[in-house]
Amino acid sequence: MHRAKCHDEVREEVPIARNSFIQMSKLTNLKGRINYISSHIRQENLYAVYETTDRKFWRELAKCNQEDFSKSETKGKCIEARELIIALPESFVEYQPDMLLKVFTKHFKQKYGVECISALHHNKRKTNYHIHLLFSERRLLDEPIEKVATRNMFYDENGKHVRTKKEITGENGQLRVGCKIIQKGEVYERKIFGVKDTQFKSEEFLEEVKHSYTELINIYVKDSKEQLQVFDKNGAHLPMKKIGKKNPKTEQMVADNEMRKKWNQTVDRAFLSGIPEKQVLQVKNTEISRKTKESFEQFGSQPQLFATIILMAIAILERMITKIINLVYQNLNKEKVQRKKLVVMEQQNLVTQQSDSTVSERTRVESAERMPIPEKPRMTPLAKKYVSLSEINEKLKTQNTAIFQREQQLNRVEQELAGTKGIFKGRQRKELQEQIDGLKRQIDSMKQYFSSIVRNHGYKNIKEFLTEYSTAKAEYADYQRAFDDWKKKYATRRETDIISERQEFYREQEKELDNGTQRIDNHSRVRGRRAR
């Protein structure tokens, strides 16, 4: 029994389309975080630090946030500021660090009007070039707001305002340690900051920041292969998880990402097969999003169940793909039969139409010759790309069909293995299992190559390619109709004009030739006379 071979495996390593990575976190120890990102002692690869204000601002900000948090009596920890981590393409090391950091920090301040402090780093292995950008959720007031005590005010050890002095004195009549009295006429509260801007808490803000910084990065990228994109969380694909250093769940996250990649490859095939995005999204929402939520509510955090949920969703999507491809094959066979019938009918009609077309053609040419010839239709830039896009589309279809055929073959071999039973068929079962393992490896490799085809031609994904292909196809069809109409009306006249122009050109050439010969003969006669 021979193992199946695949001629469509990946031939070379292909660049994977990258999504931008921009993460936001809450800071509960602002002073410590500033020291951590800006210290050369604590950072091995620190290239630049940029501040839009002095350090006193950050001390006052932390104090203000802590005071407000204490008054609110909210549980948890006080959020003193927020931080963005912005991953940069490695080619950005070519730019001056100070200039680069200044551009990215000022971009944020000009857009949102808050103070920032930032630092530009590399990780220890120098594989992750990134910016830490800390920003305030509050803005400085134009004028401080001061509150003056209209009577003596009493505060206990916890800073809580109490009504009488007796509540903060001991048995000896003296103030207890930590308690205080603010005399009438003294300032008991001074505010230099406004309230926190609530937009910084919203998901919409983070999405806006991601798009804003992704556009800024793409402006400075020199190689188009390094262009970044923002992942569409509402789309049919699943996002890949970023695995941090020393993450205790690294092994589980790697397996999780592998399942996500398989789902994304199946989504690409579904789009190419003609399954509408709405149906793919329905499978994602019903079979993945909803079931993952139900699983969490019922069993808690069980990462291994996620793989089972994804595999079931992939199986449903692959059944839809199989159904579509089988339908396509059936339609192709019907079209072949209909095409043969049409060819026979056209041949029969051609004989009867030839005699009538001669008279009508002569009439059409005569009427067309009396009209001016309009300019020949021209293709739009996108219509010109249609031929090359068609080649890519055919390549995708060929690969998709090859994957489908391998999957059908795998299904047959698995059924054969299931039916091979008995103690004397161990060797046969082993060979069938080896064949199954080989087919699975081939299918995985073919799917990986399938997803890379459009990326090799500069497209982020299959969906983006199919959108441009459909538009180019429509524009090319419009051009073809316009050109056929022009050719039918004016091409014969154009050919007649070209022939007339050529005949006129040759007549002019003959005249020039005759005149030249005459001049040579006259010149020869004159020379003959002089010689005599």
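Q: Which residue in β5 does Leu 120 stand opposite?
A: This is a predicted model. In it, β4 and strand β5 (residues 129-135) pair in the antiparallel sense over 7 bridges. Across that pairing, the residue opposite Leu 120 is Ile 131.

Q: Which residue in the turn of the β4 and β5 hairpin has a positive phi?
A: The hairpin has 6 residues between β4 and β5. One residue in the turn has a phi of about 60°, and that residue is Lys 126.

Q: Which residue in β4 does Leu 46 stand opposite?
A: Strand β2 (residues 46-51) pairs with β4 in the antiparallel sense, over 5 bridges. Opposite Leu 46 stands His 121.

Q: Why is strand β4 largely enclosed by the rest of the structure, and how many of its residues are buried?
A: In a regular strand, side chains alternate between the two faces of the sheet. Cys 116, Ser 118, Leu 120 and His 122 point one way from β4, while Ile 117, Ala 119 and His 121 point the other way. Both sets are buried. β4 (residues 116-122) is therefore largely enclosed, the buried count being 7 of the 7 residues.

Q: Which helix gives the most to the largest nonpolar core?
A: This core has 39 residues, and Trp 263, Val 280 and Ile 310 are among those with the most contacts inside it. Helices supplying at least two residues each include α5 (250-273), α7 (303-369) and α11 (462-531). With 8 residues, the top contributor is α7.

Q: How many residues does the other core, with Leu 120 among them, have?
A: This core lies apart from the largest one. Phe 104, Tyr 129 and Leu 228 are also among its members. Its size is 29 residues.

Definitions and conventions: Residues are numbered from 1 along each chain as its sequence is written. This is a predicted model: local features need pLDDT of at least 70, side-chain atom pairs count only at pLDDT 80 or more; totals for chains, interfaces and linings use all residues. Side-chain values use heavy atoms; hydrogens and water are left out. Buried means under 20% relative accessible area, exposed over 50%, partly exposed in between (1.4 Å probe, protein chains only). Helices (H or I, at least four residues) and strands (E, at least two) are DSSP runs, numbered from the N terminus. Two strands pair if DSSP finds at least two bridges between them. A nonpolar core is a set of buried Ala, Val, Leu, Ile, Met, Phe, Trp, Tyr and Cys residues joined through side-chain atoms within 4.5 Å.
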